[in-house]
Amino acid sequence: MEKKRLFSGIQPSGKITLGNYLGSISNWIGLQDEFDCLFSVVDLHAITVPQVAKELRENTLLLLAQYLACGIDPQKSTVFIQSHVPAHAELSWVLNTMTYMGELSRMTQYKDKSKKSSDNLNAGLFTYPVLMAADILLYNTDLVPIGADQKQHLELARDLAIRFNGRYSDTFTVPEGYFPPIAARVMSLQEPTKKMSKSDSNENGFISLLDTEDVIVKKIKRAVTDSEGVVRYSTEQPGIKNLLEIYSKMTSESIEDIVARYEGRGYGDFKADTAEVVAQGLRPIREKAEELLKDKAYLDEVYRDGAQRANSMAGKMLRKVFKKVGFIPRSI
Ligand code: AQP
């Protein structure tokens, strides 16, 4: 039986965090045998907020190296840089002409992001979900692993697939969400009611996959908690709840077992142990990524090969779409 196809990506809009790792990449690793996976470094999305060109290039290569260091295998999965496949931008244009303004203005992520970047309220930020729909639909994707914050975007991709198929005849697969068995939503260490984000201006709010053990210990020590003094899994203690989830996800130990171990003990011990668990878990990834970054020729080979495979799949779909909308086939 043919494997189902799965697509996902992360923006190189900064240095990825423990949130991106626990919420996304760590779940992808085990999916590679079961599904035909495409994992992209979505740099076109990253420029919806201002980027410094040199840093964007560095962050793109770094993210690619981190995908590999976490266990993404370019022999099993197609790993590529989004801007290397022009069909993403081209299909996005066609889909833009079929998306209603009202649909986009309802997107909660747009509302959040536009608040953060009110001085840069560009059209790309507004149409971001259309580009995401193009990313997904180009490959006849069956499954998209998504967090709660992206449900609305997947819904739009589905609506656009159905709309296009209805208007022109069957073309796109209508994608489904893939929900990992243990979903993680990692919160900021400084404001535990907000999600951990790589673009947070407060570096103490997030743990980067590049942070050294000393930095991780410092950040977790400074994590905002509460004055209850009891390690308990409760929405009234969002800081402790967040640390418990991080601990549990890093060790696969149940939250109840962890809570039981810290009964009658203060936050000091719990924070120190959480830091240790995170530092130990991330160390091999950091070391491997640093090693890979020194081997530019290998990274180059990986993204070229990935782009070739992705271009071949995406090109076929784009030709079909262009024909259906009435463009004269191009000869170049
Ligand atoms: N804190 C988080 N907890 C769990 N999952 C998370 N993801 C991001 N933050 C967390 C998941 O990572 C994937 C890729 O995210 P993205 O880089 O495309 O965009 P994002 O969700 O906007 O991530 P950031 O880190 O918050 O980026 P910036 O700061 O640039 O906006 C997604 O699957 C997401 O769910």
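**Exercise 1. Place Asp 135 in the fold and describe its surroundings.**

Step 1. Asp 135 belongs to helix H7, which covers residues 123-137. Helices (H or I, at least four residues) and strands (E, at least two) are DSSP runs, numbered from the N terminus. The model is a predicted one: local features need pLDDT of at least 70, side-chain atom pairs count only at pLDDT 80 or more, and totals for chains, interfaces and linings use all residues. Residues are numbered from 1 along each chain as its sequence is written, and side-chain values use heavy atoms, with hydrogens and water left out.

Step 2. Asp 135 counts as buried because its relative accessibility is 2%; buried means under 20% relative accessible area, exposed over 50%, and partly exposed in between (1.4 Å probe, protein chains only).

Step 3. Not counting residues up to four places away in sequence, Asp 135 touches Phe 7, Val 42, His 45, Gln 82 and His 88. Contact means heavy atoms within 4.5 Å.

Step 4. With His 88 there is also a polar contact between the two side chains, at 2.8 Å. A polar contact is a pair of N or O atoms within 3.5 Å; within protein, one must be able to donate a hydrogen and the other to accept it, and residues adjacent in sequence count only if both atoms are side-chain atoms.

Step 5. An unreviewed UniProt entry places the feature "binding site" at Asp 135. UniProt positions are given in the numbering used here, feature names are shortened, and annotations may be inferred rather than shown by experiment.

**Exercise 2. Describe the shell of residues around the ligand.**

Step 1. The ligand is surrounded by 19 residues, and the closest are Val 186, Lys 195, Ser 197, Lys 198 and Ser 199. A residue is near a molecule if one of its heavy atoms lies within 4 Å of it.

Step 2. By class, the shell holds four nonpolar, ten polar and five charged residues.

Step 3. Three serine side chains can be taken in turn. A polar side-chain atom of Ser 199 is 2.4 Å from an oxygen atom of the ligand. For Ser 197, a side-chain N or O atom lies 2.6 Å from a ligand oxygen, and for Ser 24 the corresponding distance is 3.0 Å.

Step 4. On its own the ligand has 640 Å² of accessible area, of which the protein covers 95%. Accessible areas come from the Shrake-Rupley method with a 1.4 Å probe; for residues, only the protein chains shown count as cover.

Step 5. Strand S1 (5-10) and helix H1 (18-29) are the elements that give two or more residues to the shell. H1 supplies the largest share, four residues.

**Exercise 3. Is Ser 40 buried or exposed, and what does Ser 40 touch?**

Step 1. Ser 40 sits in strand S2, residues 36-41. Ser 40 is buried, because its relative accessible area is 0%.

Step 2. Leaving aside neighbours within four places in sequence, the contacts of Ser 40 include Phe 7, Ser 8, Gly 9 and Ile 10, as well as Tyr 67 and Phe 80. The Ser 40 side chain reaches the backbone oxygen of Phe 80 at 3.3 Å.

**Exercise 4. Locate Gln 237 and find its side-chain partner.**

Step 1. Gln 237 lies in the loop between helix H9 (213-221) and helix H10 (238-251). With a relative accessible area of 1%, Gln 237 is buried.

Step 2. The side chains of Gln 237 and Asp 226 are joined by a polar contact of 3.5 Å.

Methods. Ala, Val, Leu, Ile, Met, Phe, Trp, Tyr, Cys and Pro count as nonpolar, Asp, Glu, Lys and Arg as charged, and the others, Gly among them, as polar.
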